[in-house]
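Q: Please give me a close look at a single part of this model, with its pairings and its surroundings explained step by step. I am new to the structure, so please spell out each term when it comes up.

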Amino acid sequence: MDAFDLDVRRHVYFSVVANGRPPTTAEVAAAFAIDEGVAESAYRRLHDAHALVLFPGTTDVWMANPFCFAPTVHRVIAGGRTWTGTCAWDALGIPAALGCDGRIESACACCGEPVALEVRAGELTQGSDLLAHILVPARDWWADIGFT
């Protein structure tokens, strides 16, 4: 990954924190004073490097882990906003990424029962008695990252 792609990735994350969403490629093009096609190519390279996940067939950001921009059952209240985590693991990563306390409201993947977790000062203060089962081995995550 070259320096430009890293700058674009940093811009994406800055925009996520500042605006609650990733920038479009048109917004990236305007921010960097470049052609939108150059921004689209950077997004595709970042996707191929697993640095971002794009919605299939688009240059719209689906995931900038731990943040997800599609509906999931993993709702995170942190930093004055409500976020969506891709999975339980990423949901816990949102308060960590923001450097703040947070509450995760989710559901058990097996039975659908509500699950609530609380993070305070970097510690899991509610839900520490729960176990998470990661169904897919890490080596296979990118085979279908949307499922994982």
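A: Two strands are said to pair if DSSP finds at least two bridges between them. The strands themselves, like the helices, are DSSP runs numbered from the N terminus (helices are H or I with at least four residues, strands are E with at least two). What follows describes a predicted model, in which local features need pLDDT of at least 70 and side-chain atom pairs count only at pLDDT 80 or more, while totals for chains, interfaces and linings use all residues. Residues are numbered from 1 along each chain as its sequence is written, and side-chain values use heavy atoms, with hydrogens and water left out.

The part to follow is strand 2, which covers residues 61–64 and pairs with strand 1 as well as with strand 3. On one side of this account stands strand 1, made of residues 53–54, which runs antiparallel to strand 2 and is joined to it by two bridges. One pair of partners can be picked out here, since valine 53 has methionine 63 of strand 2 as its bridge partner. Strand 1 and strand 2 together form a hairpin with six residues between them, and in that turn glycine 57 has a positive phi of about 75°.

The other pairing leads onward to strand 3, residues 67–68, which is likewise antiparallel to strand 2 and linked to it by two bridges. Here alanine 64 has phenylalanine 67, in strand 3, as its bridge partner, and the hairpin that joins strand 2 to strand 3 passes through two residues.

Strand 2 also has a place in the wall of the largest pocket, being one of the elements that give two or more residues to its lining, together with helix 4 (88–98), strand 6 (102–107) and strand 7 (114–120). (A pocket is an open set of points, on a 1 Å grid over the protein atoms alone, where a 1.4 Å probe fits, with protein on both sides within 12 Å along at least five of seven lines; lining residues have an atom within 4 Å of a point.) Helix 4 gives the most to this lining, with four residues. In total 37 residues line the largest pocket, and those that lie nearest its centre are Cys87, Ala88, Trp89, His133 and Ile134.
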